[in-house]
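Please report on how the two chains of this model meet. Cover the fold of the partner chain and the charged pairs as well.

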Amino acid sequence: MARPRPTVRALAPIALCAGLGLLLCAYANSLSRQLLDPNSLLLWAGVLLIALPIFYRLTSRDASPGERLALVCLLGLSLYGVKLVRDAPLFAFSDEPIHAFNADQIVAYHHLFRFNPILPVTPSYPGLEGATSALMTITGLSSYWAGAVIVGAARLSMMAALFLLFRRVSDSARTAGIAVAIYAGNFNFLYWGAQFSYESLSLPIFVVVLMAIAERDTAPREWARTWAVPIVLGISAIVVTHHLTSYALAAFLAGLALAYWLVRRNWSWPNPWRYAAFTAVLAFAWLLVVANSTIGYLSPVLGGAFEAIFNTASGEAPPRGLFQGKGTEIPPTPILARSMALLAVGLLAAALPFGLWRLWKHSRNQPFVLIFGVAAIAFFVTLGLRLAPAAWETGNRAGEFLFIGLAFVVASAGAQNWALRNRPRLGRAAISAALGVVLVGGAIAGWPWDLQLASPLRARAEGRTISSPPLALADWARENIPGDERFGSNIADARLLMAPGERIAFAGKNPDIQDILLELAFSKEGWEMPLLRENGVRYVVTDSRDIASDSTRGYTFSEDGEVTIPRQATLKFAELPGATRIYSNGEVSVYDLGAQP
Amino acid sequence: MRRLAWGAPFCAIAALLAPWELVSLIFAAPLALVMPGYAIVSAAFARRELDPARFAVLSVALSLATLALGSVVLNYVPGGIRGVSWAVLLLLVVLGSARTAALRRDGKSAAPRGSRIRRLNHVELGMALGALSATIAALVLASTTLPAKDALGFTELWIVPVPESGGSEARIGVRSEEQAATEFDLGVRIDKGRLIRRSFRLAPGESRVFTIGPPVASAGSAVPVVATLLLDSDPRHVYRRVSGSLVAPEAR
């Protein structure tokens, strides 16, 4: 058997490739921010330059476990860098301004649980923003950079913990490395899961808790209390950070406890049922005592998902088109990109039966293997949810957790041992290419095609900086409107008003600001002004850009041919008695409705 | 443990006193993202042996968990969540856990021994530095504001009351977000008669703010103000218009 080569020697050129790949991604984004319409292939070439050398090395037999660990950490951090170089130093993903607002509020008022006008449930789960506030208050960093450091550290620990978890369960560093590489192909890994949002912290801790439970399983009985410390701390941190992750952890641990019982026919140590119960009780207590608004937040989402599944399955509602955005102006995903995404899913599906068969044959007495197998099958069930419009998001979120099991099962299929025409290097190259397809295809499936590259929020003109209309509004509001005044606006404007504008802005349907802004005239019943007054809204922001209602696209500069909403919808506020337009930048106007009577 | 006991207070003080954010981060990152978890793992595994990889992963993850839970603790502490209170909390966690580890370990070292790392040769060192340089270049490029000629420029016009004037004065601001230097004509009509005119040129990103008022009117009465911005190149069309009011002050 070949002796493992010294770690650093192999790592140096791979790290160089990762650095150059990241630079290529930054270059592709810089062209896109200049509106030069670069070919997306530049971005994917950068991503593959990062990933393929790592994949190729991970498939080798002679890398040491330490080197494989370093490689998966390098993969995780480099791919996180791809998200960072997309839009630094401004938050441009839909959930980021919401959480940045919470973090800014904590730093400004020195306390948690403050009000969030768009997602009221988020202040009740302050783990991410609380952690970010530590770096913000100690160093003076902005919420963007402090958040980037926290999420980066979380990503690093997730990659390492995944590797250690898979290695413990598979007893193979090679399988573990490849499983982590497959996990990087989960649909949300490149972009959505890397944003400054509570799940970006809770999911890594979730993985660490699983790793700790797997380690505890192999330790002697007298180590039980030792492992209880990281497990209990991790569970507690998840409960205060993210609702769905805490419920997913309770469900996962309950399933694991059942798997232990199935394998060993007893509930005694090391069956983790106590941790499942602890998680459930803690999550329920937090829900009741601190975060009772979560029920009102999650029940319509989950209820809508069930209803959509039923309606789609019964033929009452048409299925959701894959790779399609909500608006007609959103460019379609090219055929080649769609094919790549479908090929990625196809490769995973093709490997699944082999993985399940091998695991059933060799490892079915391992509880973790059983639960991973169930998760892998469940992943493909959740793919069906993508066809039901309101269930899409539920399936998408569940996928991040279930992909842990899928990655392990697919890696266990043994494809890495395949030697094409007795030439192992060719086989490794083919497997690396397949992993590349899974990575790129997953990213395409998980994030709209037209948003893979950045759009400009700021631009250089004659040596100075100019801002996009919503960003200029946010900067103006921060400098000119008192912090306790409230705005009602479109979804995109509201998010930038919250961060970096640091102002309270309502948007969307609850309260129904969206209809107030988009209707061509006020209703005869006159419900609009009472609703605005009831919510303390003094300033109404009108935006003629149709894209202002899009929380992922509405932040950028306009270009020629911008689609606009009817003028009556924006001008109707000028007819309100006592309302005055105090701000205008052409597309965006602010009306002052006057102080509360 | 001794190094940790000295290092944590040093990092806390240096991070709080450092004049620049980046320098402060260099000290705050180990204090917040490594030391609490390292100390907790050292205390928990004082009598067990844990390999370096698991020790490192748990150190970072439990540090993050400490930060998430620590904010909930600080929320109920007098003074709340501030830089100093965070530093004190993290020091308490680190020093308390380090002390526990020292008491529990019975002379045995819990911290894993670092494996010996081979020195890089010149080529490998060059590659590693190249990787670092490329990463830094990527981040710098990403943070650099670049020209976007096809982005549509615009200009902001606003009117807001001067906060300390009781509504008798207002600020009228113009900020250019245009792609090129532009000449403007601003007209401000106070009530029905008085018209103030200003002509000026703004480069992209430049702004100009004028203060108007107090109005000449009976005390306490509100006087309408309309500000109209015209492009010098197209003076027949209104480019921007905003309105507000001024309140005539009480006579002293």
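The report below takes up chain B, its interface with chain A, and the salt bridges.

This is a predicted model, in which local features need pLDDT of at least 70 and side-chain atom pairs count only at pLDDT 80 or more, while totals for chains, interfaces and linings use all residues. Residues are numbered from 1 along each chain as its sequence is written, chains are lettered from A and ligands numbered from 1 in the order in which they are written, and side-chain values use heavy atoms, with hydrogens and water left out.

**Chain B**

Chain B has six helices and seven strands. Helices are DSSP runs of H or I with at least four residues, strands are runs of E with at least two, and both are numbered from the N terminus. The order from the N terminus is α-α-α-α-α-α-β-β-β-β-β-β-β. The radius of gyration of chain B is 31 Å, whereas a compact globule of 252 residues would be near 18 Å. That value is taken over C-alpha atoms, and the globule rule is 2.2 Å times the number of residues to the power 0.38. Along the principal axes, the C-alpha atoms of chain B fill a box of roughly 90 × 55 × 25 Å.

**The interface**

Contact (heavy atoms within 4.5 Å) joins 84 residues of chain B to 94 residues of chain A. The buried area between them is about 7500 Å², and carbon and sulfur atoms give 69% of it. Buried area is the accessible area (1.4 Å probe) that two parts lose on being put together, summed over both.

Two salt bridges are counted between chain B and chain A. Helix H4 (residues 52-75) of chain B gives the largest share of its side of the interface, 15 residues. By class, that side has 52 nonpolar, 16 polar and 16 charged residues. Nonpolar here means Ala, Val, Leu, Ile, Met, Phe, Trp, Tyr, Cys and Pro; charged means Asp, Glu, Lys and Arg; the others, Gly among them, are polar.

Strands also pair across the chains. E6 (residues 580-584) of chain A runs antiparallel to E1 (residues 155-161) of chain B, over two bridges. DSSP must find at least two bridges for strands to pair. Ser584(A) has Leu157(B) as its bridge partner in E1(B).

**Salt bridges**

Over all chains, the structure holds 21 salt bridges. Each is a side-chain nitrogen of Lys or Arg within 4 Å of a carboxyl oxygen of Asp or Glu. Two examples follow.

| Acidic residue | Basic residue | Closest N and O atoms |
|---|---|---|
| Glu206(B) | Arg464(A) | 3.8 Å |
| Glu199(A) | Arg397(A) | 3.9 Å |

The pair Glu199(A) and Arg397(A) links distant parts of the chain, 198 residues apart. Glu199(A) lies in helix H8 (residues 198-218) of chain A, and Arg397(A) in helix H15 (residues 392-411) of chain A.
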